Amino acid sequence: MPQNVNTTTIIAESTPPGRGGVSIIRMSGPDSLGFLSKITKTEENDFKPRLVYRKFLWNENGDLIDEVLVTYFKKPKSYTGEDMAEISCHGSPLIVAKTLLLLGSLGAALANPGDYTKRAFLNGKLNMLQAEAVGEVISARTEKALQLNLKILKENDPKALKSIREKLVLTASNIEHALDISDKDLEPGFYINTINSITYATEKLDGYIANYKENLTHLRPQVVVFYGKPNAGKSTLFNAVLNKERAITSETPGTTRDTIEQETYIGGLCVRLIDTAGTRTTKNKIEAEGLRRTEEALLKADLILHVVEGVDIIKDMDKKIVVYNKKDLIKYKKPKAKNESVVYLSAKERLGIDTLKEKINSHLLSNKTGTGGSIITTNRQLQAITDSAESLKSALGLLQNTNPEIELVAFELRSAIAFLSGLLGTTNPEEVMENVFKNFCVGK
């Protein structure tokens, strides 16, 4: 990608706002070294790239702001590919504000979320998938999500996707040529070669989709829903798994009328637990709404914990663990055959909670997670590849006809190529970048 020229120098606090030991202020742009020279009263030639210097910051009136550590990065050997400077000051919001105000008075502009990584992409320091991985690394909530995105950031060169796109462009070119000549002038095997080429690309894209679905367990919190009759102990179990009193519990049936949600970690997995209203027939409008929300929660559940007290009709549901609660009060007759989807425990006495957590973790990890080269980690990437694959499948469907309409095949191929181009950031860059970088934190 051609080098982008930014004439504005941007500034931002790159560490989280608030009080702390150290705060880092980052500059990027052509005036970074000049601004650093002015506020530290140091000659520009005295700064050697990538070395740390102890300096003092001075405002325009010659008043001391802070004692700091500063580092200058000369382009192109910087994160953004531009001249950059970083100032490590004491972690005082007042010092940070005064420093940013001072730099702003010199002509620097406050950065928008994702501006630094956006410039890195525009200057060819990162490809689009790597740029997205930066944001995903920052927001990763599990070890596996962190590993997957670090793999993309460190190793992933979208050569495979580029290769798929290039082959589709070649196939599309052959089809466009076929539109300009008669059927009798077509090369032998034209249709077979076209089908084989599109089939190859489709299988490759389907591999990315399958890999994403396998990794999804680690890319978003898994939803675990507590389900069962009133007073079965769902809320007590909900609190026991969280190890804190999050939901109100009572001996009166029907205490929980709304869904209550809380994220936690179970065996390294980020899990969103949802406590629900008890299932029973009711004419009460509030309870009825609670039951509707229960059904809604069940639809999006990755795992259902069906909490049972004594004898109950076990509703047949997929993705379920049956939890026989109150074993300190009820003598359950356990089946002779070991059932991996059944747990006996006492939520009130905190007995068997660790066993339940192990089964939750085991169930959610039952599918092997993909770690091959066909890695994508964001919904944007998934949507682009899915749309491209669908266009290719439509093209294949058209080619199965006795007299294929080549114009429609060409249209579907152009659509598939356009989706891949959007994924790689090679077309409509402004629109793509807006969607990619809008959720970044300021200073990254």
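## Overall make-up

In this predicted model, the secondary structure of the protein comes to 13 helices and 12 strands. The protein has 444 residues, and 48% of them count as buried. Its exposed surface is about 23,400 Å², and 51% of that area is supplied by carbon and sulfur atoms.

The contacts say something about how the chain folds back on itself. Among the contacts in the protein with a separation of 6 or more, 61% are accounted for by residues 24 or more positions apart.

## The open sheet of six strands

An open sheet is built from 6 strands in the order S3-S4-S5-S2-S1-S6, and its pairing is mixed. Its edge strands are S3 (52-58) and S6 (109-110), each of which pairs on one side only. The edge strand S6 is joined to S1 by 2 bridges, and these two strands run parallel; within this pairing, Ala 109 in S6 is the bridge partner of Ile 10.

Between strand S1 (10-13) and strand S2 (20-28) there is a loop, and Thr 15 is found in it. A polar atom of the Thr 15 side chain lies 3.0 Å from the backbone nitrogen of Ile 24. When its neighbours within four places in sequence are left aside, Thr 15 is in contact with Val 22, Ser 23 and Ile 24.

## Strand S11 and its partners

Strand S11 has 5 residues and 5 of them are buried, so the strand is largely enclosed by the rest of the structure. In a regular strand the side chains alternate between the two faces of the sheet. In S11 both faces are covered, with Lys 320, Val 322 and Tyr 324 buried on one side and Ile 321 and Val 323 buried on the other.

S11 pairs with S10 in the parallel sense over 5 bridges, and Ile 321 in S11 is the bridge partner of Leu 305. S11 is also joined by 3 bridges to strand S12 (residues 342-344), again in a parallel arrangement, and here Val 322 stands opposite Val 342 in S12.

## Helix H8, an enclosed helix

Helix H8 covers residues 234-242, and because 8 of its 9 residues are buried, the helix is largely enclosed by the rest of the structure. The buried residues are Lys 234, Ser 235, Leu 237, Phe 238, Asn 239, Ala 240, Val 241 and Leu 242, a list in which Lys 234 and Asn 239 appear alongside Leu 237 and Phe 238.

What covers these buried residues includes several strands, namely S7 (222-227), S8 (260-266), S9 (269-275), S10 (303-308) and S11 (320-324), together with helix H10 (353-364). Strand S11, itself largely enclosed, is thus part of the cover of H8. Just after the helix, Asn 243 takes a positive phi of about 65 degrees.

## Helix H4 and its cap

Helix H4 (residues 128-139) has 12 residues and reaches 17 Å from its first C-alpha to its last, which is close to the 16 Å expected at 1.5 Å a residue. The N-terminal end of H4 is capped by Asn 127, whose side chain places an oxygen 3.0 Å from the backbone nitrogen of Leu 129.

Several residues of H4 are buried, among them Met 128, Leu 129, Ala 131 and Val 134. The relative accessible area of Val 134 is 6%, and Val 134 counts as buried because this value is under the 20% cut-off. Val 134 and Leu 153 are 19 residues apart in sequence, and their C-alpha atoms are 6.9 Å apart in space.

## Ser 163 in helix H6

Ser 163 has its place in helix H6 (residues 159-179). With a relative accessible area of 27%, Ser 163 is partly exposed, because that value falls between the 20% limit for buried residues and the 50% limit for exposed ones. Ser 163 and Ala 201 are 38 residues apart along the chain, and their C-alpha atoms are separated by 9.4 Å.

## Cysteines and disulfides

A disulfide is a covalent bond between the sulfur atoms of two cysteines. A search of the whole structure finds 0 disulfides. Two of the cysteines can be described by their accessibility: Cys 89 is buried, with a relative accessible area of 2%, and Cys 270 is buried as well, with a relative accessible area of 3%.

Definitions and conventions: Residues numbered from 1 in each chain as written. Predicted model: local features only at pLDDT ≥ 70, side-chain atom pairs only at ≥ 80, totals over all residues. Heavy atoms only, no water. Helix = DSSP H or I, 4+ residues; strand = E, 2+ residues; numbered from the N terminus. Buried < 20%, exposed > 50% of the residue type's maximum accessible area, 1.4 Å probe, protein only. Contact = heavy atoms within 4.5 Å. Areas by Shrake-Rupley, 256 points an atom, 1.4 Å probe, with all protein chains shown as cover. Expected span 1.5 Å × (residues − 1). Polar contact = N/O pair within 3.5 Å; in protein donor to acceptor, adjacent residues only side chain to side chain. Disulfide = S-S within 2.5 Å. Pairing = 2+ DSSP bridges.
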